[in-house]
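Reader: Hey, can you walk me through this one? I'm new to this.

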Amino acid sequence: MKTNLLSASIAANQVFDQIELPLNGITTAVITTLDGQDVAIYDPKQEFSAVRLSAMTSSLVAIARSVGKEVGFSGCDRLMLETPTGRIIFRSLDSKYPYLLCVVTNQDANLGHTVWVVDKIAKNFVQQLDISH
C-alpha cells in the first residue's frame, strides 16, 4: 500500500511521541523509505543528519538482503551493529508499507527490551498509517 511522505511523517512523529524512547536507552530513531529518503527523525540532541542516516539505513538493509539472498535467505527483517558504546538496529517495518527503521541506543540499553521497543515502534507506525487511510 502506498502512502505519501507527509502522512508517513505525521504517523512516525506520533509514534516517537507515544513511546518514551530515552527511558529505553534510545538516543535516535529514523524512519526512511526503502530508497533512503528520510521520513521522520527523533534526535533530541540534534547530533545526526536524518538524510545521511536514512541513506545509510537503506544501503545497509539492501546489502544485508543481498547477502541473505546469496545464502538462500529471503529478505532482511533486522540487522544489528554492536559497538562498545551502543547499538544500532535496522528493521524493515512492514511488507504493506515499504519503510525502514534505524534505532541508535546507548551502551546501557538492554538488548531484549530494545528489540521489543523497536518492534513496538514498527507496529504502532503501521497502525497509525492504517488509521490515516
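Author: Sure, here is a short tour of the core, an aromatic pair and a surface patch.
This is a predicted model, where local features need pLDDT of at least 70, side-chain atom pairs count only at pLDDT 80 or more, and totals for chains, interfaces and linings use all residues. Residues are numbered from 1 along each chain as its sequence is written, and side-chain values use heavy atoms, with hydrogens and water left out.

Reader: Cool. Which residues touch the most other members of the largest nonpolar core?

Author: F16, L21, I31, Y99, I121 and F125, out of 26 residues in that core. A nonpolar core is a set of buried Ala, Val, Leu, Ile, Met, Phe, Trp, Tyr and Cys residues joined through side-chain atoms within 4.5 Å; buried means under 20% relative accessible area, exposed over 50%, partly exposed in between (1.4 Å probe, protein chains only).

Reader: And which element gives the largest share?

Author: Helix α3, with seven residues. Helices (H or I, at least four residues) and strands (E, at least two) are DSSP runs, numbered from the N terminus.

Reader: How are Y99 and F125 arranged as an aromatic pair?

Author: Edge-to-face, 5.4 Å centre to centre with 90° between the planes. Rings of Phe, Tyr and Trp (its six-membered ring) pair if their centres lie within 6.5 Å; planes under 30 degrees apart count as stacked, over 60 as edge-to-face and the rest as tilted. Y99 sits in strand β5 and F125 in helix α3, so the pair links parts 26 residues apart in sequence.

Reader: Switching topic: is L60 buried or partly exposed?

Author: Partly exposed, because its relative accessibility is 35%. L60 belongs to helix α2, residues 50-70.
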